[in-house]
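Reader: I would like to work through this model by question and answer, with each answer reasoned to the value or name I ask for. Could we begin with the strands and then turn to the ligands?

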Amino acid sequence: MSERRRALVTGLTGQDGSYLAEFLLGKGYEVFGLVRRSSMPRLERVQGILGEVQIVYGDLIDQSSLQRVMGDCRPHEIYNLAAQSFVPTSFAEPVLTAEVTALGATRMLEAMRHVCPEARFYQASSSEMFGAVRETPQNELTPFVPQSPYGLSKLYAHWATVQHREAYGVFACSGILFNHESPRRGEEFVTRKIAKAAARISRGLQEVLYLGNLDARRDWGFAGDYVRAMWLMLQADEAADFVIATGETNSVRDFCSRAFERVGLRWEDHVETQEALIRPLEVDLLVGDASLAEERLGWEPTITFEGLVEMMVDAELAKLDASE
Ligand code: NAP
Ligand code: GDD
């Protein structure tokens, strides 16, 4: 009988970690989820799989914890999803962001190289690295011009992944993922903030939604589709880097319009802009070309922009119904 595959997922408690763990369990993997010690670990997103996933404690800031965990789990596949992932926080806490998001990836790669060099490694890279984009749509060859300490940190982690592959021959892939959302998205990110406010305003629980730049355009997909792409990258014959995106771009204003339409309201009557929510530097336009992933991995998104907005608003309405 063949040995059960073992996967180590950092960032288990985040949006993607929860979807990926569910996906891997469905494929029969033994899943180890790295959780950092806190007085109150945030396990809401993984409540449904707590009996199946094995929680291991460690922190991307602590090299020895990562080596210990890898030695204990002996993973075949490692998915490094942990990061300080919120762009505004990266302006407020640039050194912490670099410690976790940039150096944390190097710590993971070094731990793997020394403890389990045969494992396959996935790094959660980001379209935020394209920043002030030099071409549209963006693909694997588009130059990187990061516009935030977060983008800069992800770029360091991206090149650390590429260098480990080239220097030491480890199987390491960097997935350059465009924005992906879901009802489990953190509440500070714009899509969840809009979906939640639209639902609450429609029920008379809130009056105004304050937002920053309404003109920014993003390529928004569904997180469930994107974790499948992560797994596909680690099943390929050769390690490589892939853009994962829908190929469609919409503005924050478009997202508002759809979300409020879903609850029978006009967004213009409820949204106000606030100077404090404007970033010191902005990424104006992101839209990805995922044709390499389609060709080599057979990956395609299944959820449209309209479907995503509806899914997120409907989930917020259902939550309000359940709490009544
Ligand atoms: P998320 O919801 O913010 O989750 C981040 C995870 O990292 C959380 O589980 C968090 O744990 C963990 N973490 C933070 N600092 C840590 C540390 N020092 N040690 C160990 N764990 C730590 O992010 P996400 O949306 O799921 O995204 C997953 C990854 O993909 C991130 O690296 C993100 O930067 C990247 N990415 C996301 C997108 C997107 O659109 N979602 C696009 C491109 C790339 P706590 O629960 O303890 O805070
Ligand atoms: N968060 C937030 N809150 N964003 C706002 C707001 C607001 O009130 N108003 C306008 N925006 C604009 C931001 O200025 C940005 O242009 C856009 O909405 C999207 O912001 P976020 O949802 O915070 O996501 P992000 O694009 O900055 O970063 C996300 O995507 C990256 C991939 O490109 C994060 O998930 C990153 O971790 C990820 O790497």
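Reader: How many bridges join strand 5 to strand 6?

Author: This is a predicted model, in which local features need pLDDT of at least 70 and side-chain atom pairs count only at pLDDT 80 or more, while totals for chains, interfaces and linings use all residues. Residues are numbered from 1 along each chain as its sequence is written, chains are lettered from A and ligands numbered from 1 in the order in which they are written, and side-chain values use heavy atoms, with hydrogens and water left out. Helices (H or I, at least four residues) and strands (E, at least two) are DSSP runs numbered from the N terminus, and two strands pair if DSSP finds at least two bridges between them. Strand 5 and strand 6 (residues 171-177) run parallel, with Ser-125 opposite Ile-176, and the number of bridges joining these strands is seven.

Reader: Through which helix does the chain cross from strand 5 to strand 6, and in which hand?

Author: A crossover is right-handed if, with the strands pointing away from the viewer, the path from the first strand over the helix to the second runs clockwise. The β-α-β crossover from strand 5 to strand 6 passes through helix 5, and its hand is right-handed.

Reader: Why is strand 5 described as largely enclosed, and which residue of strand 5 stands opposite Ile-78?

Author: Buried means under 20% relative accessible area, exposed over 50%, and partly exposed in between, with a 1.4 Å probe and protein chains only. Six of the seven residues of strand 5 are buried, so the strand is largely enclosed by the rest of the structure. Strand 5 also pairs with strand 4 (residues 77-80) in the parallel sense over four bridges, and the residue opposite Ile-78 is Phe-121.

Reader: In the loop between strand 5 and helix 5, is Gln-138 buried or exposed, and with which side chain does Gln-138 make a polar contact?

Author: Gln-138 lies in that loop and has a relative accessible area of 0%, which makes this residue buried. A polar contact is a pair of N or O atoms within 3.5 Å; within protein, one must be able to donate a hydrogen and the other to accept it, and residues adjacent in sequence count only if both atoms are side-chain atoms. At 3.5 Å, the side chain in polar contact with that of Gln-138 belongs to Thr-136.

Reader: Which residues point each way from strand 1?

Author: In a regular strand the side chains alternate between the two faces of the sheet. Strand 1 is mostly covered, five of its five residues being buried. Arg-6, Leu-8 and Thr-10 point one way, and those pointing the other way are Ala-7 and Val-9.

Reader: What is the bridge partner of Val-9 in strand 2?

Author: Strand 1 (residues 6-10) and strand 2 run parallel and are joined by five bridges. Five of the six residues of strand 2 (residues 30-35) are buried, so strand 2 is largely enclosed by the rest of the structure. The bridge partner of Val-9 in strand 2 is Gly-33.

Reader: Turning to ligand 1, which residue has a side-chain N or O atom 2.6 Å from an oxygen atom of the ligand, and how much of the ligand is covered?

Author: Residues count as near if one of their heavy atoms lies within 4 Å, and of the 24 around ligand 1, Thr-13, Asp-16, Asp-59, Ser-85 and Tyr-150 come nearest. The side chain at 2.6 Å from a ligand oxygen is that of Tyr-150. Accessible areas come from the Shrake-Rupley method with a 1.4 Å probe, and for residues only the protein chains shown count as cover; of the 910 Å² that ligand 1 has on its own, the protein covers 91%.

Reader: Which residue places a polar side-chain atom 2.6 Å from an oxygen atom of ligand 2, and what share of this ligand is buried?

Author: A nitrogen atom of ligand 2 is 2.9 Å from a polar backbone atom of Glu-188, and an oxygen atom of ligand 2 is 2.9 Å from a polar backbone atom of Val-190. The side-chain atom at 2.6 Å belongs to Arg-279. Taken alone, ligand 2 exposes 720 Å², and the share that the protein buries is 95%.
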